[in-house]
Amino acid sequence: MVELTVGQYQSVPVVLDERSSAYDALVSLFMNNIGTLFVVSEGGLLEGVLSRKDLLKLAVGNTDMHVVPVGVVMTRMPNIIMTTPEESLWMAARKLTHHEIDGLPVVKKLGEDQYEVIGRFTKTNVARAFVDIGYGYAGGEDNE
Ligand code: ADP
């Protein structure tokens, strides 16, 4: 049996500097047509994850999105659920369902609690793999 991996299905990550405003994050979500952004430090290390709901919470509080930095609203390290290109697709999908989240940063470990973001793995990637399996695993035939 072929073991499908995250690396075969991951997408390109969209990252934002930790000093960016919540407004910048909102624009980036729309422009890139995605639901989850990864926030990185100046040195490029993973600092946090920002989702649509994190930004919606700000709207409820009537906060000025231009002045609030993403660092205030994101979910922070070390509470980030991650995956690697080598991890099985099944295990990564299980992390999504178990933690009830939409996406995982695909990372490369650089040191103790230091991770570089090298990809994005979301429910959409799981759906694509599911379609491939339905075709008898054509190896990404329907990945347009
Ligand atoms: P949405 O906000 O679009 O429903 P999620 O369900 O993925 O998206 O996010 C819900 C919450 O979980 C948010 O507060 C978000 O910051 C957090 N979150 C999302 N992805 C992760 C992750 N990989 N690790 C830890 N927390 C996450």
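Let's start with strand S2 (residues 36–40), which is joined to S3 by five bridges, the two running antiparallel. One of these contacts puts Val 39 opposite its bridge partner in S3, Gly 48. By strands I mean DSSP runs of E with at least two residues, and helices are runs of H or I with at least four residues, both numbered from the N terminus. Two strands pair if DSSP finds at least two bridges between them.

A word on what we're looking at: this is a predicted model, where local features need pLDDT of at least 70, side-chain atom pairs count only at pLDDT 80 or more, and totals for chains, interfaces and linings use all residues. Residue numbers start from 1 along each chain, as its sequence is written.

Now, where do S2 and S3 sit? They belong to an open sheet of four strands, in the order S1-S2-S3-S4, with mixed pairing. Strand S1 (15–17) and strand S4 (75–76) are at the edges with a single partner strand each, so one side of each has no neighbour in the sheet.

Next, the hairpin. S5 and strand S6 (residues 114–122) pair antiparallel over eight bridges, and Leu 104 stands opposite Phe 121 in S6. Two residues lie between the strands of this hairpin, where Asp 113 takes a positive phi near 60 degrees.

Finally, the ligand. Which residues are closest? Among the 16 residues that surround the ligand (C-beta atom, placed from the backbone, within 6 Å), they are Ser 51, Arg 52, Lys 53, Thr 75 and Asp 102. Strand S3 (46–51), helix H3 (52–60) and strand S5 (103–111) each give two or more residues to this shell.
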